[in-house]
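Here are a few friendly comments to read alongside the model. Have the structure open as you go through them.

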Amino acid sequence: RDIVPRFASIPSHFGRGLLLSLVGNEVTDTNNNLAVVNSVEVQNSVVQNIFESVLNNSLYLDVSFSDTSKSVYYFVKPNMNKFSLDSDTVRRLAGEFSVAHKELDDSEGGGQELSIVNSKFEVRILYGSPADVHRDKLLKTFAARAVTRAWAIE
């Protein structure tokens, strides 16, 4: 189907039928972007339903580090109580996505990271620390990568 250029120039990475809205005051508090996810019935609604289940009520981090081949989306759940359930839920995506989790050390903000990856994009859900802690650690990591790339070009 045609994309309305006023709203989007490329198809959604999450697939047709998934609406991601951010609730919060982005201007004054960039760490208060509550993700509200709604899916509509489409041909492959299992993927959309899993993303809806896992991403709803998480906090969206408006940070990105563009790799030449993929977009990366970061979400935060400040406590660990949903990690086990979310981890089990996303395992249902195993045919279409690579799913992995790792423990984050204190230098990365602590907690756990759940990664959902395919050839087009990555979703990383960070658990166990407030959004501002994860945001600060990510920005430091991105700055170090940018410096490394700049030196490589020199």
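**Notes on a buried strand and the core around it**

1. A word of caution to begin with: this is a predicted model. Local features are discussed where pLDDT is at least 70, and side-chain atom pairs count only at pLDDT 80 or more.

2. A good place to start is strand β6, residues 112-117. Six of its six residues are buried, so the strand is largely enclosed by the rest of the structure. In a regular strand, side chains point alternately to the two faces of the sheet. Here both faces of β6 are covered: Q112, L114 and I116 are buried on one side, and E113, S115 and V117 are buried on the other.

3. Next, the neighbours in the sheet. β6 pairs with strand β5 (residues 98-103) in the antiparallel sense, over six bridges. Strand β7 (residues 121-127) also pairs with β6 in the antiparallel sense over six bridges, and a hairpin of three residues joins β6 to β7. If you would like one residue to follow across, try L114: its bridge partners are H101 and, in β7, I125.

4. Is I125 buried or exposed? This β7 residue has a relative accessible area of 0%; anything under 20% counts as buried, so I125 is buried.

5. The surroundings of I125 are worth a look too. Beyond its neighbours within four places in sequence, I125 is in contact with Q112, E113, L114 and I116, as well as V54, L55, F75 and K77. K77 is 48 residues away from I125 along the chain, yet their C-alpha atoms are separated by 7.2 Å.

6. Now to the packing. Which residues have the most contacts inside the largest nonpolar core? They are F51, L55, L93, I116, V123 and I125, in a core of 21 residues. Two or more residues each come from β2 (34-39), α1 (45-55), α2 (83-90), β6 and β7. Helix α1 gives the largest share, with five residues.

7. L55 is another residue to click on. Leaving aside neighbours within four places in sequence, L55 is in contact with F14, A35, V37, F75, V123 and I125. Both L55 and I125 are on the list of residues with the most contacts inside the largest core.

8. Finally, please do not overlook the second core, which is separate and has eleven residues. Among them are L61, Y74, V76 and L138.

Definitions and conventions. Residues numbered from 1 in each chain as written. Heavy atoms only, no water. Buried < 20%, exposed > 50% of the residue type's maximum accessible area, 1.4 Å probe, protein only. Helix = DSSP H or I, 4+ residues; strand = E, 2+ residues; numbered from the N terminus. Pairing = 2+ DSSP bridges. Contact = heavy atoms within 4.5 Å. Core = buried A, V, L, I, M, F, W, Y, C linked by side-chain atoms within 4.5 Å.
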